[in-house]
Amino acid sequence: MQSEHRLEPRWLKPLLLGITLLFLAIFLALPLGVVFSEALAKGWKVYWESISEPDAIAAIKLTLLVVLITVPLNTVFGVATAWLIAKFEFRGKGFLITLIDLPFAVSPVIAGLIFVLLFGSQGWFGAWLSEHDIRIVFATPGIILATLFITSPFVAREIIPLMQEQGKDEEESALTLGASGWQTFWKVTIPNIKWGLLYGVILSNARAMGEFGAVAVVSGHIRGLTTTMPLHVEILYGEYLFTAAFAVASLLTLLALVTLVLKSFIEWRIGKKRSLAH
Amino acid sequence: MSIQISNINKRFDNFTALDNINLTIPDGELVALLGPSGSGKTTLLRIIAGLEEADSGTIYFNGEDTTSTHVRDRGVGFVFQHYALFRHMSVFENVAFGLRVRPKETRPSEEEIKERVHKLLKLIQLDWIAGRYPSQLSGGQRQRVALARALAVEPKVLLLDEPFGALDAKVRQELRQWLRNLHDEIHITSVFVTHDQEEALEVSDKIVVMNQGKIEQIGTPEEVYDRPANPFVYGFLGNVNLFHARVEQGSLHLENTELNTPDLGNSKEASLFVRPHEIHISVDNAEGSGIEAKLIGWRLVGPRVRVELETLHEHQRVEAEISKTEWQAIKAHESGVLFVHFSNARIYTNEASWNDYVI
Amino acid sequence: MKWQFRKPSVLPGFGLTLGFSLTYVTLLVLIPLGGLLLYTTKLSWSEFGAVILDPRVLASFKLSFGASLIAAVINLFFGLIVAWTLARYNFFGKKIVDALVDLPFALPTAVAGIALAAIFAQSGWIGRLLDPLGIQIAYSRAGVVVALVFIGLPFVVRTVQPVIEEFEKEFEEAATSLGASWLQTFTKVILPSLMPALLTGFALSFARALGEYGSIIFISSNMPFVSEIVPLIIVTKLSQFDYVGATAVGTVMLFATFVILFLINAIQIYSREKSL
C-alpha cells in the first residue's frame, strides 16, 4: 500500500472513488431512502394502519408460511447434496451440479410458467387435479412450489465449495476414532460448515420472502388469500395506494438490510476464522 | 554503474525497516544483501529500484541523485521473487514487453525487437521455448525468463529479490552457478537479496550482512565468514556454539579450564564463539585444557557425525561436527567423561572488539 | 479398469444423499422444466413461428435483449470502477459501501421497482432534475435499462473484486520497472488478467437482466411495441390462458439462458487452463 501512489497517477483514486460513490448513491442509497420517505410521507399513523390492515396481515402470514416450509426443505436438500458432491466421486456429478444451479439462471417468470404448465387448468395434470378438486396453481401450494424452485440452489451453492475445500480428512479421522456416520456428521461436519450454512439460509430466506416474478405467475392475486408481501405491494401500487405500498415495501426493505448486516457479520466471522487458520 | 546509498531511513508505522543505511556498490560488482526476514534487505532493494520511497536519504547512480526518479525512468532491471511473469503473454512477449512499451521515438522496430529478444533468449539458453506461456515452464525456466525480461531494457543496474527462493534445492544449486557465470559475462552492477548464507557466500563478490534495519558488516565472502564483525554475523553465517566465560587477572576462566589472555584486561564477562567443525573431542585430555563434558546424543550426517555434549560444570550444550574416524575413537567411551577442545575460537568482551585466538 | 459408478469411499451416506438429492432435483427441477420442453412439442413449427414472429413479440425480444445488453455494458464499466475502488482503496465508510453493493441481491425486486420508479418519475428526486432537460426515464425504455442496471450491479462487482484483490502488486511493479506507463500497465497487464472475470460478470449480469420481471414492470410503461419486455409477454399470455404462446416464448428464453450458461462455463474453463 505504501508504494501504490508511486505506480498509479495521483488523480486516479479521487476520480474512481468519486465515480463509485456517486454511482452507488444514485442506484443504491436513493432507492433505500425513497422507500422509507414515501412510506412515512403521511405520518406514522397511516404507516401503521397500512401494515396492520387485514389484507396486509394475511400477506405477511402467507409469506411467513412460505418461508417456514421452503427454507427448511431447501436447507436439508442443500446439506444432503453438498455432502454427496463434496465427499464422493461418482459419474454424472457435473450434470447434477448443473441441474442444481439451473433455477439460478432461469427467469422467475419461467419458473412460474413451468408449474402452470404442470398443474394449471390446461396443464399436464390439470384435468386430473380438477377432477379430484385439488388446487395447486392460484393457491398456496403453487406459491410454495415456485418459491421452492427459485430458492433451491442457495444453501447448496454456499456450502458445496466450503465442504470441497475442507476435504474429507476430518470425517475419515472421526470414523477411524470410532464415531458413527451420524456422529461424524453432527460433531465434525456441521461445526465446520455452520457459518456457510447460516449464510445460505439467510440468503434463501431473503429470496423466499421477496420472490416476485415466479410467485406472481402462479398466485392469481386473490387478495387476502394468495398474495405474499411483494404481491400485496404490487396490488396496492396498482391501486395508486402509494403510501400503503411503500409501507409494506419498507418491511421487506428492513428484511433486506438485516440480511446485509448478517451477511457482513458472517463474512467477518469466516474471514477471521480463515486468518486464524494461517 | 556504481550505486551510492546515503543516510537512508525508512519506517513502517512503528517499525524501523531501515536505520540510516550507508553503502557504496562499485561498478560491475555482484553484491548480496544477506539477513534474516525483517532485516530490511528487501526494503533496501526496493528503495534502490524506486519501488519504495525512503523517508529520508539519497540514492546516487554514478554520482547522480536518482532519489526522485520514477521506477519507470530509473533504468533498473528488477527480478521479482515470484518472477511476476505476465501470464497471458508468451516467453517472447514477456521479454519484448519492456521494448514494446517505449514511446514511439525510442521504440526499436519490430524486427530489431525480435533480434534482441532472441539474442537474450539464447543467452539464457531458452531460445527453443520462445512461444510457450509461463504456465508451461519449470521454476528454473521462469526464473531465467524473468532475468532475460529485466535485461531486455538494458538496465544500468540489475536487482534481484530472493532470486532462488522459490526453487527446489537442486535447481537452486545449478542456477547459482549459472548466475555467477552470467554476471562474469555481462558485468552489470547487480544486487540480490537472500536469507541463505550459503547462496551469498557462493555467488557474490561482496556480502552486506543486515539485521534489524542496520548493516552489520560489509566484506568479501571470505572476510565475513572468517572474520565476522560481531556475534550476530558470527551466528548468522553458520552454526555456532556460544560459551560464557570470565576474564580475571589476565586469564580466561571457562568451565574447568584456564587460559592465558594477558591482553584482554581484567574482571569482565566474555563470550566465546566456536563453530561445530572447530571443535574436536578427546577421551584422555592428552593435549590438556580440555573442557569436561558428557555425551548426550549423536547423529550421522552424511560423511560427518554431529555430536551433542553437555559440559559438566556449567551444563552448557555443545554441538560438534567431527569425522567418522574421530567418532570411532570416542564411541567406546560413550558413557565416560570426554574432553572438548577448540581448534579456533572468537572471544568477545563487552568493550573490546574481536580477538582471534587459536587455542 | 472396470467401469465404476463411483469411487469407493469409507464415508457413509452415499446412497441416502444420492437418493434424496436426485428425487428432489427430479421432482422440482427436471420434471417441471421437462414439462415445458415437452409442451413445446405440441406446437408445429409454423405455429411456433407464428407466435415468435408476431411483431409485438419480436419487439419485446428486441427490447429485452437490447436493454439487457446496454445495462450489462453499463454495469461492466461502472462495476469495474466500483470493484477497483473497493479492492484497492481505503476510505471512510468503506465497509458499509461494500455491504450495500449486495443490496440488489437482497432487496425484493418489486420493492426495487417501485423505489426506482419513485426516484425517476417526473416529480421524483432525480426525475425532477432531469425533467427540465427533457429527459424522461421512468415509464420509458430508459427506465427498463435503469432497473436492469440496478439488478445486475452486484454481478460484475462481485466477480471482479476478488480478482483485483488477489492481483499481485508485483505484476504492476514489473511492468513499471520495464518502463511501462500506468496506462500501458493497465491495458496490457492488468486488464487482460481481469478479462475472464469481467466477461463472466458481464454474462451473469446480462442473463439476470434478460429474465428480470419484478423491478421492470413498475418503472416501465409496459406499452406493447415500445416498453414491453419478454417476461411480461409470457405473463400476459398466461393470464389469457394462451399456454401454447407462453410456452413458445418461454422456450426461446430458456434456450438463450442455456447459451449464456454455456458461454460462462467456457470462459471459466478457458481461464482456468490459462492460469495453471
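Chain A exposes about 12,300 Å² of surface, and carbon and sulfur atoms supply 67% of it. I should say at once that this is a predicted model, so every value I quote is computed from it.

Staying with chain A, 54% of its 278 residues count as buried. The C-alpha atoms of this chain fill a box of roughly 65 × 60 × 30 Å along the principal axes. As to charge, there are 21 positive and 20 negative charges in chain A, and their mean positions lie 8 Å apart.

The secondary structure of chain A comprises 14 helices and zero strands. How do the contacts distribute along the sequence of chain A? Taking the contacts between residues at least 6 apart, 72% join residues that are at least 24 apart.

Let me now turn to chain B. Here we find an open sheet of four strands, with antiparallel pairing, in the order β2-β1-β4-β5. Which strands of chain B stand at the edges? They are β2, residues 15-25, and β5, residues 64-65; each has a single partner strand, so one side of each is left without a neighbour in the sheet.

At the β5 edge, β5(B) pairs with strand β4 of chain B, residues 56-61, in the antiparallel sense over two bridges. Within this part of the sheet, B:Phe61 stands opposite B:Glu64 of β5(B).

Finally, helix α1 of chain B, residues 41-49, packs on the sheet. This helix touches β1 (3-12), β2 and β4 of chain B, and the direction of α1 makes about 120° with that of β1(B).

Key:
Residues numbered from 1 in each chain as written. Chains lettered and ligands numbered in written order. Predicted model: local features only at pLDDT ≥ 70, side-chain atom pairs only at ≥ 80, totals over all residues. Heavy atoms only, no water. Buried < 20%, exposed > 50% of the residue type's maximum accessible area, 1.4 Å probe, protein only. Contact = heavy atoms within 4.5 Å. Areas by Shrake-Rupley, 256 points an atom, 1.4 Å probe, with all protein chains shown as cover. Lys, Arg positive; Asp, Glu negative; His and termini not counted. Charge placed at Lys NZ, Arg CZ, Asp CG, Glu CD. Pairing = 2+ DSSP bridges. Axes fitted to C-alpha atoms, helices over the stretch in contact; angles between N-to-C directions.
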